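Biologist: I am new to this structure and would like to go through it with you step by step. Could you show it to me before we begin?

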Amino acid sequence: MGPGARLAALLAVLALGTGDPERAAARGDTFSALTSVARALAPERRLLGLLRRYLRGEEARLRDLTRFYDKVLSLHEDSTTPVANPLLAFTLIKRLQSDWRNVVHSLEASENIRALKDGYEKVEQDLPAFEDLEGAARALMRLQDVYMLNVKGLARGVFQRVTGSAITDLYSPKRLFSLTGDDCFQVGKVAYDMGDYYHAIPWLEEAVSLFRGSYGEWKTEDEASLEDALDHLAFAYFRAGNVSCALSLSREFLLYSPDNKRMARNVLKYERLLAESPNHVVAEAVIQRPNIPHLQTRDTYEGLCQTLGSQPTLYQIPSLYCSYETNSNAYLLLQPIRKEVIHLEPYIALYHDFVSDSEAQKIRELAEPWLQRSVVASGEKQLQVEYRISKSAWLKDTVDPKLVTLNHRIAALTGLDVRPPYAEYLQVVNYGIGGHYEPHFDHATSPSSPLYRMKSGNRVATFMIYLSSVEAGGATAFIYANLSVPVVRNAALFWWNLHRSGEGDSDTLHAGCPVLVGDKWVANKWIHEYGQEFRRPCSSSPED
């Protein structure tokens with residue numbers, strides 16, 4: 001068995017047991033929770049090990065080839081070497097008849113690459129699917145839109161908002177990580193394939209620019225090339241109504257690939273269109289940003305997200321205050337909770353340091369093995385949707401004593417009954433790349449909602465605990481109340497979803513802004529109407 005074959009056997013053994021399938025993220029859902037994305041580091045580390053072994057095998061093979069080359073070259077450089085020497089003559093014939101054939105058809109190269117491929121195939125089941133690449137690309141576009149990020153800056157690793165001539169740094173990473181031309185091309189192509197030329201064009205533009213700068217350099221990992229980027233960008237401009245740009249880019253494409261008949265026909269087509277309609281040169285169509293799904297409150301929602309939770313004017317309102325809250329409950333007398341009233345109508349309060357670091361960590365650890373793609377109610381069904389990107393898990397109170405303690409603390413602070421069925425189990429959520437939840441109500445707005453299956457009424461209140469901090473983004477935006485609350489580590493946000501009359505409070509329309517940078521975890525405790533009759537008495541007044 002040669003070294004390559006031995007390496008293949010070794011890699012086959014090492015590749016066995018590539019991870020616990022029960023803990024592996026569902027393929028196509030990796031992007032929707034950052035904890036799943038983090039788990040993808042493990043198979044890549046295994047791939048790095050495979051590649052290291054492959055490189056060592058190839059380096060040994062190349063050293064041997066270099067030895068053979070130097071040996072033969074030295075014989076040719078020695079002009080005094082007579083072929084009359086029968087030993088030299090024999091070795092010359094042997095080299096040409098046998099040695100060179102063995103070198104050219106050596107099995108070592110194929111054995112080395114076969115070992116790498118075999119190892120990759122065994123790890124492949126743990127790798128993100130193409131749907132994850134699409135989801136991650138759409139996440140970058142979402143961040144680009146909501147935070148008005150500059151694509152050229154993103155490609156350089158800079159998070160900058162550009163409004164006119166003003167440039168604002170939203171986040172300054174400790175280490176800049178730039179994207180390659182192929183990276184930008186893949187983002188642009190996802191938009192291109194959806195017919196979304198608003199997003200496709202700036203990403204493909206950046207891909208073309210980067211490919212131009214590195215033209216002639218070959219990178220093994222790249223799937224696309226300058227020609228691919230020019231091809232897609234030209235057609236994107238054509239579909240967007242900019243025929244002159246499409247023509248210019250198509251002509252540039254032909255400089256690199258002059259025999260491409262399809263592109264030559266496109267050039268003739270664009271030239272004819274411009275000749276028939278000269279106004280295309282000076283008046284190009286304005287590309288509209290798509291709004292799918294249609295969101296009437298998009299501008300307000302994104303404006304609140306862009307504040308990143310900064311609300312300096314709120315602290316000038318005298319009716320808002322901070323206090324130490326006991327709620328007249330003995331459970332909190334020795335350790336009251338720091339309370340900050342954020343808003344009055346609707347009533348929104350932030351309780352600082354509601355959980356400890358160890359409690360937050362424990363809750364995250366309990367939930368992680370059970371995380372699944374978050375869904376939303378659609379009539380009587382529950383669906384995965386693009387406007388909610390996260391994974392969630394439900395934890396029963398009996399899972400761990402810390403959850404029992406947590407429920408006691410919530411009940412003491414709110415004065416509400418949080419035992420099932422008067423409240424739901426704790427829902428733990430981890431947001432993915434650009435994870436968000438567009439404007440929605442926590443309470444049911446339809447009699448057919450799955451919420452009523454508990455037979456305990458509608459959700460009267462929300463108690464949301466921040467189990468982590470984030471570097472930027474991820475604020476909770478209240479659309480009609482016109483404020484956003486930043487992610488405050490270990491704090492809890494509380495608000496009433498229903499008026500005392502039982503009617504839903506439309507001012508509680510809220511959203512989880514996309515996470516710009518960081519790993520956002522929250523835990524939701526939804527409390528229902530029934531069981532609270534004497535704790536929060538009803539009222540017939542619509543103002544209550």
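**Cysteines and a central strand**

Modeller: Cys-245 has a relative accessible area of 28% and is therefore partly exposed, since buried means under 20%, exposed over 50% and partly exposed in between, with a 1.4 Å probe and protein chains only. This is a predicted model, in which local features need pLDDT of at least 70 and side-chain atom pairs count only at pLDDT 80 or more, while totals for chains, interfaces and linings use all residues. Residues are numbered from 1 along each chain as its sequence is written, and side-chain values use heavy atoms, without hydrogens and water.

Biologist: Which cysteine does a disulfide join to Cys-305?

Modeller: A disulfide is counted when a pair of cysteine sulfur atoms lies within 2.5 Å, and that rule gives one disulfide here. Its two cysteines belong to distant parts of the chain, 208 residues apart, with Cys-305 in helix 13 and its partner in the loop between strand 17 and strand 18; helices (H or I, at least four residues) and strands (E, at least two) are DSSP runs, numbered from the N terminus. At an S to S distance of 2.0 Å, the partner of Cys-305 is Cys-513.

Biologist: Which residue of strand 16 is the bridge partner of Leu-350?

Modeller: Strand 5 (residues 348-352) runs antiparallel to strand 16 and is joined to it by four bridges, where pairing requires that DSSP finds at least two bridges between two strands. On strand 12 (residues 459-466), which pairs with strand 16 over five bridges, Met-464 stands opposite the residue in question. The bridge partner of Leu-350 is Leu-493.
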